[in-house]
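Here is a short report on one structure. It takes up contacts, the nonpolar core, strand pairing and the ligand shell.

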Amino acid sequence: MKISIIYATHSGNTESMAHGIKGLLDDMGHKTVCLDALSHGALDLTNFDGIIFGCSTHGEGELNPEAERYFERLHTKDVDFNGKAVAIFGLGESVYPCFCSSVPIAEKKFMSLGARVILPSLKIDMMEFDQKAREKQLIDWLKRVGGEFDTY
Ligand SMILES: Cc1cc2nc3c(=O)[nH]c(=O)nc-3n(C[C@H](O)[C@H](O)[C@H](O)COP(=O)(O)O)c2cc1C
């Protein structure tokens with residue numbers, strides 16, 4: 001399966017996570033590309049079976065500024081997300097009252113663009129320091145998402 005991973009990062013954590021996800025998907029036998037949301041041409045996405053989008057929460061429970069800019073650009077360009085399968089992961093820290101609240105914001109943005117958002121999205125707590133637990137969470141989610149991309 002061909003999967004595009006698009007990340008919007010403010011301080012690099014979502015980028016690192018996106019590359020980790022790429023490695024896991026490659027190990028599962030998928031063909032993947034990993035792209036910065038602000039530098040990719042969204043129109044190239046038509047060739048992919050599925051899109052994985054990742055961003056972090058900043059401010060007081062908002063999308064990070066890069067994700068904000070990405071969605072603004074998508075709205076001003078004529079990008080056809082209609083029917084496209086999109087799975088979303090978000091980074092945050094559970095010490096914040098609005099933990100990972102960028103995730104439902106991103107879900108709504110993609111839904112308003114006509115995408116088929118695969119639910120539930122993945123909320124990644126950067127306060128979780130058990131790397132094995134983190135990897136298991138990611139692999140379980142990616143297997144489910146891969147299955148959904150496959151049936152579509
Ligand atoms: C100023 C600031 C505000 C933040 N606000 C939230 C928040 O409201 N909710 C949350 O879950 N995480 C919040 N975070 C945590 C970030 O989402 C977390 O550090 C994440 O790993 C950043 O990823 P990035 O480097 O890809 O931007 C905040 C971090 C900073 C620095």
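Beyond its neighbours within four places in sequence, I5 is in contact with A18, I21, K22, T32, C34 and I52. The model is predicted.

I5 and I52 also rank among the residues with the most contacts inside the largest nonpolar core, along with F53, A67, V86, I88 and A106. That core has 39 residues. At least two residues each come from β1 (2–8), α1, β3, α2 (65–76), β5, α3, β6 and α4 (131–151). The top contributor is β5, with 6 residues.

**Strand pairing**

β5 also pairs with β6 (residues 116–125). The sense is parallel, and the pairing runs over 7 bridges. Within it, L91 of β5 stands opposite I124 in β6. Helix α3 (residues 102–112) carries the chain from β5 to β6. This β-α-β crossover is right-handed.

**Ligand shell**

Which residues come nearest to the ligand? They are H10, S11, T14, S56 and G92, out of 21 residues around it. Three elements give two or more residues to this shell: α1 (13–27), β3 (50–58) and β5 (85–92). β3 gives the most, with 3 residues. The shell divides by residue class as follows.

| Class in the ligand shell | Count |
|---|---|
| Nonpolar | 6 residues |
| Polar | 13 residues |
| Charged | 2 residues |

Two lists overlap here. α1, β3 and β5 each supply at least two residues of the core, and α1, β3 and β5 each give two or more residues to the shell around the ligand.

Notes. Residues are numbered from 1 along each chain as its sequence is written. This is a predicted model: local features need pLDDT of at least 70, side-chain atom pairs count only at pLDDT 80 or more; totals for chains, interfaces and linings use all residues. A residue is near a molecule or strand if its C-beta atom, placed from the backbone, lies within 6 Å of it. Helices (H or I, at least four residues) and strands (E, at least two) are DSSP runs, numbered from the N terminus. Ala, Val, Leu, Ile, Met, Phe, Trp, Tyr, Cys and Pro count as nonpolar, Asp, Glu, Lys and Arg as charged, and the others, Gly among them, as polar. Two strands pair if DSSP finds at least two bridges between them. A crossover is right-handed if, with the strands pointing away from the viewer, the path from the first strand over the helix to the second runs clockwise. A nonpolar core is a set of buried Ala, Val, Leu, Ile, Met, Phe, Trp, Tyr and Cys residues joined through C-beta atoms within 7 Å. A residue is buried if 20 or more other C-beta atoms lie within 10 Å of its own, exposed if 12 or fewer, and partly exposed in between; C-beta atoms are placed from the backbone. Two residues are in contact if their C-beta atoms, placed from the backbone, lie within 7 Å.
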